[in-house]
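Here's a quick tour of a pocket and of the strands that lead away from it. Have the 3D view open as you read.

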Amino acid sequence: MSIQLGVLCVLLRMIEGRWQEERARLLSGGPDDELQPLFNEVGSWLGADCATSIPGPGNGSYLWIFQDTIVGSIVNGMRNRECMPHNSVGIYTHGKLQHFLKGCDSFLTPLDPNRWYWTETGVVANDVFIFSQVMTLPCSIGCDQVAIALSRINVSANTLNASLWQMIETHNLPGFAQGIQWPTALFFMPNEIVGLFGRRTSTNTDGTVQTTAFLAQVPLATIIATPYSEVAWNQTLRFYLADGNWATIPTNQTVDALDIAPLFDDAPSETSIIRFPSGEKRFIVLNIPFATPYLQLRWSSPLNENEFPTNWSMPITIYHIPEPYCCTHAFSYSPKAHQEFANSSSECVVTFMSNSVNDSFVNADLRIYVPRVLRFRFGINS
């Protein structure tokens, strides 16, 4: 018994030491008061959900995609809602963020009026290519997902002038299965390979719900192919398996046919995954466990340039979200990284969202339901 207890103590000290080592990487972090005004209400844009930024076509611009956007006016210091389109966009360039609205209409809209898009990521390469979860209507929190779509949007004159956008085509991607959500984030690898980070939800025999993270990859050429090629997607979309290999989806089947490797539990539904370019070649992935005040990250193990991040640390809390953003009247979620704001390669700028089931609370507090900006600086070992 004493030997077993001694071994347990050694293991606990090792775990604690590893946690302290990872936690010590964070040198500073907290709200960024200089950037926060970018998300103040402007015109009829009064706040929006799930803020994602995507590098533009080489001119220093970034495309921002927002979900469920409050459109209306401020009356006596409170939001007066006119409508809430499912998405809106913004263009960030030269220190300014310009919001674009189409009245009460969404920028990205399926042809089926009983469906809507929840968009989390994409790429800009001449045109804009947007990944969306296709959701059912009506819904509130916890909507049913029925497909994964890739939309191609024409960008006039190689600029990000959203007022000139035209959505050219949308295609449902192959292999969708219930409980599969991807890509919640993407990242770029050498040789123009795009890594896709996803989330899988399943129900255990005891009725509990388990969410695990997984990886896929696809060539950039497949994403931006014009015209869209279903054959190319079927042949080049590969998932990381439990045996360490990569595989495509078998013909006429879904991803359920593959033994996909679960990278870790409690996978985030809205996140960013980024590579730190300085020192160790590591990735980080962000998470806020739903309805908690804990902004967390996981580090990947050190990697060679061509290696995918398949081994991850335990979650490490780097920021405790205060009231009013969590947790008496509101809940926090959707951490996203925006490296266009970073001043050095050891910094990470993050936004997170806060919302409430009480619409009156959201209308009365203009700090709620807008991206909240945090800046972190890390000491990366070389």
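## The pocket and its lining

In this predicted model, 30 residues line the second largest pocket, and those lying nearest its centre are Pro-55, Leu-186, Ile-273, Ile-274 and Gln-339. The pocket's volume comes to about 600 Å³.

What sort of residues make up the lining, by class? You'll find 14 nonpolar residues, eleven polar ones and five charged ones.

## Strands that feed in

Several strands chip in here. At least two lining residues come from each of β2 (49–55), β8 (115–125), β12 (180–189), β17 (273–276) and β21 (331–337). Which strand gives the most to the lining? That's β12, with five residues.

## Following β12 outward

Since β12 is the top contributor to the lining, let's see what it pairs with. Strand β13 (residues 193–203) runs antiparallel to β12, and seven bridges join the two. If you want a spot to click on, Phe-187 has Gly-195 in β13 as its bridge partner. The hairpin of β12 and β13 has three residues between the strands, and Asn-191 takes a positive phi near 60° there.

## One strand further

Now step from β13 to strand β14 (residues 209–219): these two also run antiparallel, joined by eleven bridges. Here, Phe-197 has Leu-215 in β14 as its bridge partner. Five residues sit between the strands in the hairpin of β13 and β14, where Gly-207 takes a positive phi near 90°.

Note on methods. Residues numbered from 1 in each chain as written. Predicted model: local features only at pLDDT ≥ 70, side-chain atom pairs only at ≥ 80, totals over all residues. Heavy atoms only, no water. 1 Å grid on protein atoms, 1.4 Å probe; cavity = no way out; pocket = protein on both sides within 12 Å on 5 of 7 lines; lining within 4 Å. Points joined across faces, edges and corners; volume = space filled by probe spheres on them. Helix = DSSP H or I, 4+ residues; strand = E, 2+ residues; numbered from the N terminus. Nonpolar A, V, L, I, M, F, W, Y, C, P; charged D, E, K, R; others polar. Pairing = 2+ DSSP bridges.
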